Amino acid sequence: TRSNIKGFSGRTSFLLSFDSTNRIKLFTKEDYLDEYISDMSSVATYAGHVGDGQQYNTQHMNQTLVLVAFE
């Protein structure tokens, strides 16, 4: 994900993510949450929001990430 962001944009100034609760629980269980936050912060200033998941049409999606990158 970080490589894609860096390759897509010449300079990213801010990242905003929307992670599902289940995704964060998985990262915590796998002892990866601190590394995930650090990795995202290495790309740009980073803020994350945790919610219950995202909707796609009428389907609820778990363990999803919606990421907004600002130049």
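This report walks through a predicted model of a protein, from its overall layout down to a few single residues.

## The overall layout

Let's start with the big pieces. The protein has three helices and five strands. If you follow the chain from its start, these elements come in the order α-β-α-α-β-β-β-β. So you can pick out some of them by number: helix α1 covers residues 2-8, strand β1 runs over residues 14-20, and helix α2 takes in 21-29. Further along come helix α3 at residues 33-43, strand β2 at residues 45-51, and strand β5 at residues 65-70.

As for dimensions, the C-alpha trace spans about 35 × 30 × 15 Å along its principal axes. Contacts across the sequence say something about how the chain is put together: among those between residues at least 6 apart, 79% join residues at least 24 apart.

## Inside and outside

The protein has 71 residues, and 27% of them count as buried. On the outside, about 5000 Å² is exposed, with carbon and sulfur atoms supplying 49% of that area.

What about charge? There are 6 positive and 8 negative side chains, and the centres of these two sets lie 3 Å apart.

## The nonpolar core

In soluble globular proteins, nonpolar side chains tend to be buried together. Here, the largest nonpolar core is made of eight residues: I5, L15, F27, Y36, M40, V43, A44 and Y46. Which helix gives the most to this core? That would be helix α3, with three residues.

M40 is a handy member to look at up close. Leaving out residues up to four places away in sequence, M40 touches R2, L15, Y46 and L67. Two of these partners, L15 and Y46, are also on the list of core residues.

## Aromatic pairs

A pair of aromatic rings is described by the distance of the centres and the angle of the planes. The count for this model comes to four aromatic pairs. One of them is F14 with F70: the ring centres are 5.8 Å apart and the planes sit at 45°, so this pair is tilted. The two residues belong to distant parts of the chain, with F14 in strand β1 and F70 in strand β5, 56 residues apart. Are these two residues buried, partly exposed or exposed? F14 is partly exposed at 27% relative accessibility, and F70 is also partly exposed, with a relative accessible area of 39%.

Another pair is F27 with Y32. Their ring centres are 5.0 Å apart and their planes stand at 85°, which makes the pair edge-to-face. F27 counts as buried, at 12% relative accessibility, while Y32 is partly exposed at 28%. Together with Y36, these two residues form one aromatic cluster. F27 and Y36 turn up in the largest nonpolar core as well.

## F14 and G51, two residues on strands

Back to F14 in strand β1. Not counting residues up to four places away in sequence, F14 touches A44, T45, A47, V68, A69 and F70. Compare F14 with V43: the two are 29 residues apart in sequence, yet their C-alpha atoms are 8.3 Å apart in space.

G51 lies in strand β2. With a relative accessible area of 19%, G51 is buried, because the cut-off for that label is under 20%. Which residues does G51 touch, leaving aside its neighbours within four places in sequence? They are D19, S20 and T21. The C-alpha atoms of G51 and N22 are separated by 8.9 Å, although the two residues are 29 apart along the chain.

## S3 and D31, two exposed residues

S3 sits in helix α1. S3 is exposed, with a relative accessible area of 60%. From S3 to I37 is 34 residues in sequence and 15 Å in space, C-alpha to C-alpha.

D31 is found in the loop between α2 and α3. At 71% relative accessibility, D31 counts as exposed. There's a backbone detail to spot here too: D31 has a positive phi of about 55°, even though D31 is not a glycine.

Key. Residues numbered from 1 in each chain as written. Predicted model: local features only at pLDDT ≥ 70, side-chain atom pairs only at ≥ 80, totals over all residues. Heavy atoms only, no water. Core = buried A, V, L, I, M, F, W, Y, C linked by side-chain atoms within 4.5 Å. Buried < 20%, exposed > 50% of the residue type's maximum accessible area, 1.4 Å probe, protein only. Helix = DSSP H or I, 4+ residues; strand = E, 2+ residues; numbered from the N terminus. Contact = heavy atoms within 4.5 Å. Phe/Tyr/Trp six-rings, centres within 6.5 Å; stacked < 30°, edge-to-face > 60°. Areas by Shrake-Rupley, 256 points an atom, 1.4 Å probe, with all protein chains shown as cover. Lys, Arg positive; Asp, Glu negative; His and termini not counted. Charge placed at Lys NZ, Arg CZ, Asp CG, Glu CD.
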